[in-house]
Every structure is written in C-alpha cells, then in structure tokens.
Amino acid sequence: MTVFLGSPTLTTIAPLVSSDKGSFGNRVNCAGSQAWNAIATGATVGATVVVTDYAVKHKDQFSKLYNGTKDVAQMAVDSKVGQKATSYLKGLGTKIKETTLFKDAAKFISKMQGKFKPIAKKVSSLLTPYVKMAKNAFNKLPKGGKVAFVAAIGLAILNGIYKSGQIDQKYTDRAKMEKNMV
C-alpha cells in the first residue's frame, strides 16, 4: 500500500513503483489522481492563507463577525463536551506518535529527504511569498484566530490525507480485479 505520510511528491510518485497497483495504466491513473489531490490540498491551504491575510488587512469589516463567533466558540470549548474532546484529541495525538507506522514513516521520510532536495528547493522558492504572508497574517491574529487558522489548515491537510487513502484503495482494488480477470 502506498503511504501518504511522506509528502505530496512522494504520494504522487509512489504509485508508479508500487507493487500493489497492477498494470502500468492503473499506476499512471493512480499517480494522476494523487497529483490532483495534492494540488487540491495545496490550493485549499493556499486559499486559507490568502483569505486570512485579507481578513487581517480588513479586520474592521470582520470584527463583528469575529466577536460573535469567538463567544460561541469559547462557550463550546468551555463546555464539558469541549473539554472532553480536547482531552481526547491530545491523547490521540500521543498514541499516534507512539505507533510503529508513525515511527517507520518518520524514518522513511528522513531517508528520502536527500533525494528530493532539488525538488524541495524549487517548491520552497515558489512557496516563500505565501509562507511569509501566512506568517504575517498569523502574527496579527488574536489568540482565537490563531487556533482557527491552524485548525483550518490542519483540517485541509487531514482531508487531503484521507482522500489520498481513498485513491490508493481504489487503485489497489482495481489492480486486484485486473489480476483476477486476466
């Protein structure tokens, strides 16, 4: 099974060499789907940054909306359900870090890091203006806004990971069907 935990680049390239993807056509289709998923995830994160930057620059227009949302969010966090959810998520994060899959993925990523330095350098130069924009916007946000900003980006990335898994499973299943039909 192809593992998403590396980077979108690894996720896009991995199906081409994965032994569980069957025919070359199926591998190419999987790689294409993974590439579109990576692009969509990146676009969602980028849109979050741009919208946040706009909101920070036009905060007077957003202050009424923010104050109303902040009060509702604070009530949700302060509730017993919110406290239990926060506690559960912290525990879940700790458990994930302790899994063998997480540790193996971290080792794999560190091994592959050198091979993708040229690509990473080019991508980094393209993303630098957006990273600066995100950093400036983040620093100007109030505490609640910072939490929402990080949560929005985190949810976009988690959604990308989830969709990547669905794509991977779809093409693994197709490869099994090809094998059984031939």
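## A buried charged pair

In this predicted model, Lys21 and Asp168 are both buried. The two residues form a salt bridge, in which the closest N and O atoms are 2.7 Å apart. Lys21 sits in the loop between α1 (8–17) and α2, while Asp168 belongs to helix α7, so the bridge joins distant parts of the chain, 147 residues apart. Side chains of opposite charge can pair when their charged atoms come close.

How accessible is Lys21? Its relative accessibility is 0%, and Lys21 therefore counts as buried, the limit for that class being under 20%.

## The salt-bridge network

Lys21 also forms a salt bridge with Asp20, with 3.1 Å between the closest N and O atoms. The side chains of Lys21 and Asp20 make a polar contact at 3.1 Å as well. Which residues make up the network around Lys21? Salt bridges link Asp20, Lys21 and Asp168.

Thr172 adds a further link between helix α7 and this site. The residue lies in helix α7 and is buried, because its relative accessibility is 9%. When neighbours within four places in sequence are left aside, Thr172 is in contact with Asp20 and Lys21.

## A salt bridge within helix α2

The structure holds three salt bridges. Two of them involve Lys21, one with Asp20 and one with Asp168. Another is formed by Lys57 and Asp53, whose closest N and O atoms are 3.0 Å apart.

Lys57 and Asp53 are four residues apart in helix α2, which means that about one helical turn separates them. Is each partner buried or exposed? Lys57 is exposed, with a relative accessible area of 57%. Asp53 is buried, with a relative accessible area of 11%. The Lys57–Asp53 bridge thus pairs an exposed residue with a buried one, whereas Lys21 and Asp168 are both buried.

## Packing of α2 against α7

Helix α2 covers residues 24–57 and helix α7 covers residues 143–181. Their axes come within 10 Å and cross at roughly 170°. Helix α2 is therefore roughly antiparallel to α7, since the angle is over 145 degrees. The contact of α2 with α7 contains eleven nonpolar, eleven polar and four charged residues.

Gly42 of helix α2 gives a distance between positions far apart in sequence. The C-alpha atom of Gly42 is 8.5 Å from that of Ala156, although the two positions lie 114 residues apart along the chain as a sequence separation. Gly42 counts as partly exposed, because its relative accessibility is 40%.

## Pro15 and its surroundings

Pro15 is part of helix α1. With a relative accessibility of 0%, Pro15 is buried. Two C-alpha distances place Pro15 relative to other helices. One runs to Thr172, which is 157 residues away along the chain and 9.6 Å away in space; Thr172 is in helix α7.

The other distance runs to Gly32, a residue of helix α2. Gly32 and Pro15 are 17 residues apart in sequence, and their C-alpha atoms are 9.4 Å apart. How accessible is Gly32? Its relative accessibility is 29%, so Gly32 counts as partly exposed.

## The chain as a whole

The chain has seven helices and zero strands. Read from the N terminus, the order of elements is α-α-α-α-α-α-α. The chain has 182 residues, and 21% of them count as buried. Residues in the buried class include Lys21 and Asp168, Asp53, Thr172 and Pro15.

What share of the contacts between residues at least 6 apart in sequence joins residues at least 24 apart? The share is 65%. The salt bridge between Lys21 and Asp168 spans 147 residues.

Note on methods
Residues are numbered from 1 along each chain as its sequence is written. This is a predicted model: local features need pLDDT of at least 70, side-chain atom pairs count only at pLDDT 80 or more; totals for chains, interfaces and linings use all residues. Side-chain values use heavy atoms; hydrogens and water are left out. Axes are lines fitted to C-alpha atoms, for helices over the stretch in contact, and angles run from 0 to 180 degrees between N-to-C directions. Helices (H or I, at least four residues) and strands (E, at least two) are DSSP runs, numbered from the N terminus. Angles under 35 degrees count as roughly parallel, over 145 as roughly antiparallel, 65 to 115 as roughly perpendicular and the rest as oblique. Ala, Val, Leu, Ile, Met, Phe, Trp, Tyr, Cys and Pro count as nonpolar, Asp, Glu, Lys and Arg as charged, and the others, Gly among them, as polar. A salt bridge is a side-chain nitrogen of Lys or Arg within 4 Å of a carboxyl oxygen of Asp or Glu. Buried means under 20% relative accessible area, exposed over 50%, partly exposed in between (1.4 Å probe, protein chains only). A polar contact is a pair of N or O atoms within 3.5 Å; within protein, one must be able to donate a hydrogen and the other to accept it, and residues adjacent in sequence count only if both atoms are side-chain atoms. Contact means heavy atoms within 4.5 Å.
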